Amino acid sequence: MNLHTILTRTENGFGQRLVEWSSTRGIEAEEFDPRSEELPDGMLLINANQDFIKEDIDLHDQFDKKHIPTQKIDINGTLQVAISNFNLWLTSNKCQRVLIVGSDDLLQNENLERFLEKI
């Protein structure tokens with residue numbers, strides 16, 4: 001995988017889980033600052049059953065308007081398809097620094113751990 005750095009919001013449980021996950025994979029983790037001049041290469045919005053929080057959708061729309069590659073992954077869909085699509089998206093968009101967001105509700109979804117294990 002070409003992913004070198006993830007950015008996330010560490011003030012929530014989802015972001016904290018991603019920081020833990022990245023440390024076991026040798027992927028650098030950084031706090032996402034929306035005011036920063038340096039933007040990530042892309043954005044991944046993880047969700048369950050297309051259930052999004054407004055803050056994440058607004059952020060997704062901002063990235064889309066700036067023509068920064070975005071990807072939405074529904075972890076309740078077919079796992080192998082999600083993993084393949086994510087890896088293809090990373091490769092085709094040459095994303096190495098990716099903002100990853102999702103809601104704290106995902107922490108209770110066992111499919112999140114399956115997804116993180118496989119990517």
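In what follows, Lys and Arg count as positive and Asp and Glu as negative, while His and the chain ends are not counted. The place of a charge is taken as NZ of Lys, CZ of Arg, CG of Asp or CD of Glu. With that rule, the protein chain has 12 positive and 21 negative charges, and their mean positions are 4 Å apart.

Welcome to this structure, a predicted model in which local features need pLDDT of at least 70, side-chain atom pairs count only at pLDDT 80 or more, and totals for chains, interfaces and linings use all residues. Residues are numbered from 1 along each chain as its sequence is written, and side-chain values use heavy atoms, with hydrogens and water left out.

**The chain as a whole**

Four helices and five strands make up the elements of the protein chain. Helices (H or I, at least four residues) and strands (E, at least two) are DSSP runs, numbered from the N terminus. Reading from that end, the order is β-α-β-β-α-β-α-β-α.

The radius of gyration, taken over C-alpha atoms, is compared with a globule rule of 2.2 Å times the number of residues to the power 0.38. For 119 residues a compact globule would have a value near 14 Å, and the 13 Å of the protein chain agrees with this. Along the principal axes, the C-alpha atoms fill a box of roughly 35 × 30 × 25 Å.

Of the 119 residues, 44% are buried. Here buried means under 20% relative accessible area, exposed over 50%, and partly exposed in between (1.4 Å probe, protein chains only). Contact means heavy atoms within 4.5 Å. Among contacts between residues at least 6 apart in sequence, 73% join residues at least 24 apart.

**Strands side by side**

Two strands pair if DSSP finds at least two bridges between them. The table lists three such pairings.

| Strands | Sense | Bridges | One bridge pair |
|---|---|---|---|
| S1 (residues 5-8) and S5 | parallel | three | Leu7 and Leu99 |
| S3 (residues 42-47) and S5 | parallel | four | Gly42 and Val98 |
| S1 and S2 (residues 28-31) | parallel | four | Ile6 and Ala29 |

In a regular strand the side chains alternate between the two faces of the sheet. Strand S5 (residues 97-101) is mostly covered, with five of its five residues buried. Arg97, Leu99 and Val101 point one way from S5, and Val98 and Ile100 point the other way. Strand S1 is covered on both faces too: Thr5 and Leu7 lie on one side and Ile6 and Thr8 on the other, all of them buried.

**A closer look at Ile46**

Ile46 sits in strand S3. Ile46 counts as buried because its relative accessibility is 3%. Leaving aside neighbours within four places in sequence, Ile46 touches Phe14, Ile73, Ile75, Ile100, Val101, Gly102, Leu106, Leu112 and Phe115. Ser92, in turn, is 46 residues away from Ile46 along the chain, and their C-alpha atoms are separated by 19 Å.

**Two residues in a loop**

Most residues other than glycine have a negative phi. What is the phi of Asn49? Asn49 has a positive phi of about 60°, although it is not a glycine. Gln50 also has a positive phi, near 55°. Asn49 lies in the loop between S3 and helix H2 (54-65), and Gln50 is found in the loop between S3 and H2. Asn49 is exposed, with a relative accessible area of 55%, whereas Gln50, at 47% relative accessibility, counts as partly exposed.
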